[in-house]
Amino acid sequence: RCKNLSVSFWNSYWMLPSDVCGMNCFWEAAFRYPYMKTRSSEKMHLAVVACGERLEETVTMLRSAIIFSIKPLQFHIFAEDQLHESFKDILDDFPCEGKVNYTLYPITFPTESAAEWKKLFKPCASQRLFLPLILKNVDSLLYVDTDILFLRPVDDIWSFLGKFNATQIAAMAPEHEEPRIGWYNRFARHPYYGVTGINSGVMLMNMTRIRRKYFKNDMTSVRLQWGEILMPLLKKYKLNITWGDQDLLNIMFFHNPESLYVFPCQWNYRPDHCIYGSNCREAEEEGIFILHGNRGVYHDDKQPTFRAVYEAIKNYSFGDDLVHSLLQPLELELRKTMHTYCGKVHKVFIKQLSKSIRDLHARRSKGT
């Protein structure tokens, strides 16, 4: 079973009242917390932030990560307090075969500006900006939104860390492949990365490099570190940003483009890649590697192709035969979606998943 690590330290030390502890104490707590000392080469660290009614969606994402991954996983789950017991009950019953640990954290922001950060875009969304400062002893981290599904091992996107050059500190995918339907290039009132901006729903970080870097910016000629730049950016652009923390990341990497590694759209495949016609060439060739069901498409009937994949993974029981219990039922459901634009390219939703299942069977047959 998954091992539940203690969260009592966080509840007693991290959440301090604003009249006692201000910004300095926030960073002091972040840098003093004696967290994991496991090297990133030994475990893959995955973080998610869950608020409101995102429990089921988050658990389904974690299930998808567990199914195919090879190296051990360490989950960092940031969640509202009322969700902690539910997460414990569910994750402690996962038959993880010793390959998964998890830690639960409360949602926390710098005390003197907590209200401002919490209302930015969606409740809790901007928590991801503070992960390099909270998880100080974690070298590298994969952050994902709750509406992510892994269709191949986490190991494969984790391997991009080894492809970073000397200046790169993070990896994300473009917001759009087709500028004619791009949001940033048509509507943004702030700087953004590249031609169409970047999407932060899947964000791979070398957090050691992030903590050490001094960032160029348009607020001062002095370069600022990660913990110094966030609040000034928010103050300058809060009336001009629509997508909250993702917009702030776009601004940061606009001024520091050498720091970003851009991975292809199949690693962050969203409805925009097919609802107006297929525009992710890499997915057409090799299939979808990571599915991102933003806009709530897992839970309504607007994009049944996305919902079919979500339901298949949510309903899969660990230990069941993946072909008969997941792949074949999903193929039948996907054929029912061919009246939609995404359904017309439904094979891209199953192509990589089929390969991941074959690879998993091959590893098991070899006893690895």
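Among contacts in the chain between residues at least 6 apart in sequence, what percentage join residues at least 24 apart? In this predicted model, the figure is 73%. The chain has 368 residues, of which 58% are buried, and its secondary structure consists of 16 helices and 10 strands. The paragraphs below follow the disulfides, then a pair of packed helices, then a buried asparagine, and finally two residues of one loop.

A search of the whole structure gives 3 disulfides. A disulfide is a covalent bond between the sulfur atoms of two cysteines. One of the three joins C51 to C124, with an S to S distance of 1.9 Å. C51 belongs to the loop between β2 (44-50) and α3 (55-68), and C124 to the loop between α5 (114-118) and α6 (131-134); the bond therefore ties together parts that are 73 residues apart in sequence. About the S-S bond the angle is -95°, and the link of C51 and C124 is left-handed. Both ends of this link can be placed by their accessibility. C51 has a relative accessible area of 10%, which means that C51 is buried, the limit being under 20%. The value for C124 is 1%, so C124 is buried as well.

The loop between β9 (260-262) and α12 (281-286) takes part in another disulfide, that of C265 and C280, where the S to S distance is 2.0 Å. Because C265 and C280 both lie in the loop between β9 and α12, this pair ties together parts that are 15 residues apart in sequence. The link of C265 and C280 is right-handed, with 100° about the S-S bond. C265 and C280 are both buried.

C274 and C342 form a further disulfide, with 2.0 Å between their sulfur atoms. Distant parts of the chain are linked here: C274 is in the loop between β9 and α12, whereas C342 is in helix α15 (residues 341-344), 68 residues away. The angle about the S-S bond is 85°, and the link of C274 and C342 is right-handed. C274 and C342 are each buried.

The next topic is helix packing. Two packed helices are described by the angle between their axes and the distance between the axes. For α3 and helix α4 (residues 84-91), the axes come within 11 Å and cross at roughly 35°. The crossing of α3 and α4 is right-handed. On the α3 side the contact is made by L55, T58, V59 and L62, and on the α4 side by S86, F87, I90 and L91. What is the division of the residues of this contact into nonpolar, polar and charged? The contact of α3 with α4 has 6 nonpolar residues, 2 polar residues and no charged ones.

A polar side chain in a buried position is found in helix α11 (residues 245-255), where N250 lies. Is N250 buried or exposed? The relative accessible area of N250 is 0%, so N250 is buried. Which backbone nitrogen atoms lie by the side chain of N250? A polar atom of that side chain lies 3.2 Å from the backbone nitrogen of Y193, and the side chain also reaches the backbone nitrogen of I198 at 3.0 Å. When neighbours within four places in sequence are left aside, N250 is in contact with Y184, P191, Y192, Y193, G197 and I198. Y193 and I198 thus appear in this list of contacts, and the backbone nitrogen of each is paired with the side chain of N250.

The last part of the description concerns the loop between β10 (290-292) and α13 (304-315), in which R295 lies. Most residues other than glycine have a negative phi, and most peptide bonds are trans. R295 is not a glycine, yet its phi is positive, at about 65°. With a relative accessibility of 51%, R295 counts as exposed because the limit for that class is over 50%. K302 is also placed in the loop between β10 and α13. The relative accessibility of K302 is 66%, so K302 counts as exposed. Along the chain K302 and T340 are 38 residues apart, and their C-alpha atoms are separated by 9.0 Å.

How values were computed:
Residues numbered from 1 in each chain as written. Predicted model: local features only at pLDDT ≥ 70, side-chain atom pairs only at ≥ 80, totals over all residues. Heavy atoms only, no water. Disulfide = S-S within 2.5 Å. Helix = DSSP H or I, 4+ residues; strand = E, 2+ residues; numbered from the N terminus. Buried < 20%, exposed > 50% of the residue type's maximum accessible area, 1.4 Å probe, protein only. Axes fitted to C-alpha atoms, helices over the stretch in contact; angles between N-to-C directions. Left-handed = near helix turned anticlockwise from the far one by under 90°. Contact = heavy atoms within 4.5 Å. Nonpolar A, V, L, I, M, F, W, Y, C, P; charged D, E, K, R; others polar. Polar contact = N/O pair within 3.5 Å; in protein donor to acceptor, adjacent residues only side chain to side chain.
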